[in-house]
Amino acid sequence: MSKLSTQSYKGARDFYPEDKRLQNFIFDVWKRVCERYGYEEYTSPVLEPIELFASKTSDEIVNEQTYSFVDRGGRNVVLRPEMTPSVSRMVAARRQELPYPLRWYSIPDCWRYERPQRGRNRQFWQLNVDLFGVATIDADLEIISVADAIMKEFGAKEDMYQIKVNSRKLINLIMSQYLELDATQAKQMIQLFDKKDKIKPAEFVEKAKNVFKPESQKDKLAKLAKLLKAKTLADLPDEIKQTQAVKEIQVLFTLLAEHQITSATFDITLMRGFDYYTDIVFEVFDLDPENNRAMFGGGRYDGLVGAFGVEPVATVGFGMGDAPIENFLTSHKLD
């Protein structure tokens, strides 16, 4: 008779008491800061219909990373890979009853079938913070402020992390007007931008060539190179600087500075992989050389509630996973 393995399922963790203490510490900080800002806790089922994610999240997550199966009733279901479509479903279900602005947070466990690595597990817990019903830049400011406040509540100094900010509205404008790409080409280029830091520069250029039509490759690659050199809003090509999308980002940076959030910086290559983002997006990066990576992020997704057939609700939110934060605390000796 073979012995049963003592190993947990690959990509999932056993939490012994000392591990659970650290996780509870992280959860306590998350809850404390969210509730200080007036956010209320909610939750939803870990099982959802697959179509909830098939039309509302990235193709990679749906096609390659979901734990999907047919239940005993013949329904195609998934273990939730993220929370945003679920909370949008919940708000849509009571669209006319809920008081706005609506401030909600949750700390669910989620599941993604991907290669386990440092800071990335198949089962993970994620703080989700969402503000519904505020269409102005004030909502983006508040959500980034909550994220920054959480980092500082952990004891982080601003030289330990960086908040990179971009705008999907600006990116869409760049793709259609500056680079003159059609919808298919634009989607390919956005996906390429999203992978830029994970591939070699020569490979990036080669893949970019394949997006452009042969007769315009040289001109378009030159424009792309000029764009990628922009490290600040002032560095953007002149034909982009005066757009409304750039002006909105400038206002956001002014407000962030007024609120003493000085670690925010503009990054033209920041995409956020989900298809539902509509405007401002951001990611928080660990600046420790041993753990220099994106820890979490979010942005504005005004159209997702309306996708359920109700009147749309302006929405901004972010998700913060437990493993990247645990690594951050450990590497900076804040645990």
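The exercises below, each with a worked solution, concern cysteines, one helix and aromatic rings in a predicted model.

Residues are numbered from 1 along each chain as its sequence is written, and side-chain values use heavy atoms, with hydrogens and water left out. Because the model is predicted, local features need pLDDT of at least 70 and side-chain atom pairs count only at pLDDT 80 or more, whereas totals for chains, interfaces and linings use all residues.

**Exercise 1.** Determine how many disulfides a search of the whole structure finds, and explain why Cys34 forms no bond.

*Solution.* A disulfide is taken as a pair of cysteine sulfur atoms within 2.5 Å. The search of the whole structure gives zero disulfides. For Cys34, the closest cysteine sulfur is that of Cys110, and it is 15 Å away, which is too far for a bond. As for accessibility, where buried means under 20% relative accessible area, exposed over 50% and partly exposed in between (1.4 Å probe, protein chains only), Cys34 is buried at 0%, and Cys110 is buried at 0% as well.

**Exercise 2.** Compare the expected span of helix α9 with the distance between its end C-alpha atoms, then locate its buried residues around the axis.

*Solution.* Helices are DSSP runs (H or I, at least four residues), numbered from the N terminus, and the expected span is 1.5 Å times one less than the number of residues. For the twelve residues of α9 (217–228) this should give 16 Å, and the end C-alpha atoms are indeed 16 Å apart. The buried residues of α9 are Lys220, Lys223, Leu224, Leu227 and Leu228. They cover an arc of only 135° around the axis, which places them on the same side of α9; the arc is that of the directions from the helix axis to the C-beta atoms.

**Exercise 3.** Classify the ring pairs Phe27 with Trp30 and Phe193 with Phe204.

*Solution.* Rings of Phe, Tyr and Trp (its six-membered ring) pair if their centres lie within 6.5 Å, and planes under 30 degrees apart count as stacked, over 60 as edge-to-face and the rest as tilted. By this rule there are 14 aromatic pairs. Phe27 and Trp30, with 5.6 Å from centre to centre and 25° between the planes, are stacked; being three residues apart in helix α1 (residues 17–36), they are separated by about one helical turn. Phe193 and Phe204, at 6.1 Å and 50°, are tilted. Since Phe193 lies in helix α7 and Phe204 in helix α8, this pair ties together parts that are eleven residues apart in sequence.

Methods
Helix = DSSP H or I, 4+ residues; strand = E, 2+ residues; numbered from the N terminus.
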